[in-house]
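Let's take a walk through a protein model together. Keep the picture open beside you and follow each stop as we reach it.

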Amino acid sequence: MKKPNLIYIFADQWRRHALGFMNEDPVLTPRMDAFASESLVFDQALSACPLCSPHRASMMTGKYPFSTGVWTNCKTGLPSPVYLKPDDDSFGNSLKREGYSTAYLGKWHLDNPELNNSDHPLSGASGWDAYTPPGEKRQGFDFWHSYGAMDNHADPHYWEDSHRKIRPGKWSVEHETDTALRFLEEQNQAWNPFALFISYNPPHTPFDQVPSCYRDLYRNTSFKPRDNVRTGRVKDHTGPWENLSDAEHREDCLNYFAAVSGIDHNVGRLLDYLEEAGLKDNTIVVLSADHGEMLGSHSLLHKHVWFEESVGIPFIIRWPGKIQPDRTGALLNSPDHLPSILALMGIRPGDSVQGFDYSDHMLGRECGALPEQAFLAAYPGRADAVRAFEQKGLNNLSYGWRALRTHSHCYVVHRGYAPGEKTVRYLYNLMEDPLQTAPLMPESPGDSSVAAALEARLKDWLDSINDPFGDEL
């Protein structure tokens, strides 16, 4: 029998709440709702480090962000460049070795920005962007229609196998879906199984770069913000405070939801093709994201914080006849994607993998105990912050925050993003306080038996991956 195909679709900054069937955000996603009814839905999937590059590196390798070396975004200005080093056991390399035709479309954000090496790259890359030429830094993906990092959704560009930019002149999600359909047409004429990864940049900012046809779906929509939303004075995790009126917040939310509806439509195009081409039954399809979006909850914007709006991501997987439609509360984390999916496909992950293999759970088999916790982390990554730590002879990787998320609690230790900041602990009871508005803040873990137990588990994990944050616990 032919090996199963794989289509792995993930959007940037797409929180798990933004799916119609979740009954959280007032978002219209009829095609993905129908897809979910045929799939296994992980209601508590999490991003191990809710930032683009760290999650991507973790998902691609099955290792925690600290272990991949991608602890912050691949960006300019850092004392030492951060990017995903060639990894023989990554998704693309593992699938290619097994005879798969491999393809990657959309945002990559795992390569060293070209401006770190040249003031005038031949490719024309600017900011954090990069053309990744054919070779080992493509991690085993053969067909390549991608870019490093840029946020022009309305007029995107891509590179394939030369420095020449490709500018399709249409919304990035629609163009990437067009390209994916052409790839699938070609593969349907071939014998080799295929593995296609599609990375949509929307609903990432800027929120207003969304076609009017999707925005029109919300023209007359009124909605009540989440109870933990605070407008007026807002900021991202370490940025300056800025003003955000209720009207501006509403506009941002509706544009965000419109982008998700646009993704919904285009995912529907892919699912329709699989049905029409007779590929549905032998194709594993995954819908996921790299992290969520705060949208004003706790007066915060965007990501890189431990709140559910930031760390909670979709993970929906369909394999007709093999994976039964259901919903699960299993704590699937970023490093768990690779070992679980490869095992489903009969491929043994490499020995360096740190994630948990959920394949038996996905297939409804007896699988013993599932993880009772997920480990989350964030590291100071702004260039000025990294340099401030270095100037004081401190390791910035010993700072930021680390968290342990169980089914019932989230426990956070935050040492700060600048030298000298006071360590703060937060304990959230997610059963009694799902919006995380009333944390216990113990001065030390000994002030709470629950905090003490969770901090001990957190330290064990940090020690197991040699994260220096654990040295201070």
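In this predicted model, W306 has a relative accessible area of 7%, and since buried means under 20%, W306 counts as buried. W401 goes further still in its value, with a relative accessible area of 0%, so W401 is buried by the same rule. Now look at how these two tryptophans sit with each other. Their ring centres are 5.5 Å apart and their planes meet at 80 degrees; planes over 60 degrees apart count as edge-to-face, so that is the name for this pair. The pair also links distant parts of the chain: W306 sits in the loop between β8 (283–289) and α8 (308–311), while W401 belongs to strand β12 (residues 400–405), 95 residues apart.

How many aromatic pairs does the structure hold? There are 31 aromatic pairs. Another one to find is W108 with W144, whose ring centres lie 5.0 Å apart with planes at 70 degrees, so this pair is edge-to-face. Here too, distant parts of the chain are linked: W108 is in the loop between β3 (101–107) and β4 (143–147), W144 is in strand β4, and 36 residues separate them. Both W108 and W144 are buried. They also belong to one aromatic cluster, together with Y8, F10, F91, Y104, F141 and F197.

Let's step back to the whole chain. It has 12 helices and 14 strands. Its radius of gyration is 21 Å, close to the 23 Å that the globule rule gives for 473 residues, so the chain is as compact as a globular protein of that length. Along the principal axes, the C-alpha atoms fill a box of roughly 65 × 55 × 55 Å. Of the 473 residues, 60% are buried. The chain exposes about 17,900 Å², and carbon and sulfur atoms supply 47% of that area. Contacts tell us about the fold as well: among those between residues at least 6 apart in sequence, 70% join residues at least 24 apart.

What about the inside? In soluble globular proteins, nonpolar side chains tend to be buried together. In this model, the largest nonpolar core has 130 residues, and F42, M60, L95, F197, I317 and M362 touch the most other members. Helix α7 (residues 246–276) gives the most to this core, with 13 residues. A second, separate core has 7 residues, including A125, Y131, W159 and I166.

Pick out L95 for a moment. Setting aside its neighbours within four places in sequence, L95 is in contact with L6, Y100, T102, A195, F197, L342, M345 and I347. One of these partners, F197, is also a member of the aromatic cluster.

Next, follow helix α7 from end to end. At 1.5 Å a residue, its 31 residues should span 45 Å, and the C-alpha atoms at its ends are 45 Å apart, so the expected and modelled spans agree. Just after α7 comes G278, which takes a positive phi of about 75 degrees.

Positive phi values turn up in residues other than glycine too. N23 has a phi near 55 degrees and lies in the loop between β1 (5–11) and α1 (30–37). Is N23 buried or exposed? With a relative accessible area of 71%, N23 is exposed, because exposed means over 50%. H302 has a phi near 75 degrees, and its place is in the loop between β8 and α8.

For an unusual stretch of backbone, visit the loop between β5 (194–200) and α6 (212–215), where P203 is found. A cis peptide bond joins P202 and P203, with omega about 10 degrees. P206 lies in the loop between β5 and α6 as well, and the peptide bond from T205 to P206 is cis, with omega near 0 degrees.

Our last stop is D467, in the segment after α12 (449–464). At 2% relative accessibility, D467 counts as buried. Not counting residues up to four places away in sequence, D467 touches F66, Y379, L397, R402 and L462. D467 and S398 are 69 residues apart in sequence, yet their C-alpha atoms are 7.4 Å apart in space.

Key: Residues are numbered from 1 along each chain as its sequence is written. Side-chain values use heavy atoms; hydrogens and water are left out. A nonpolar core is a set of buried Ala, Val, Leu, Ile, Met, Phe, Trp, Tyr and Cys residues joined through side-chain atoms within 4.5 Å. Buried means under 20% relative accessible area, exposed over 50%, partly exposed in between (1.4 Å probe, protein chains only). Helices (H or I, at least four residues) and strands (E, at least two) are DSSP runs, numbered from the N terminus. Contact means heavy atoms within 4.5 Å. The expected span of a helix is 1.5 Å times one less than its number of residues. The radius of gyration is taken over C-alpha atoms; the globule rule is 2.2 Å times the number of residues to the power 0.38. Accessible areas come from the Shrake-Rupley method with a 1.4 Å probe; for residues, only the protein chains shown count as cover. Rings of Phe, Tyr and Trp (its six-membered ring) pair if their centres lie within 6.5 Å; planes under 30 degrees apart count as stacked, over 60 as edge-to-face and the rest as tilted.
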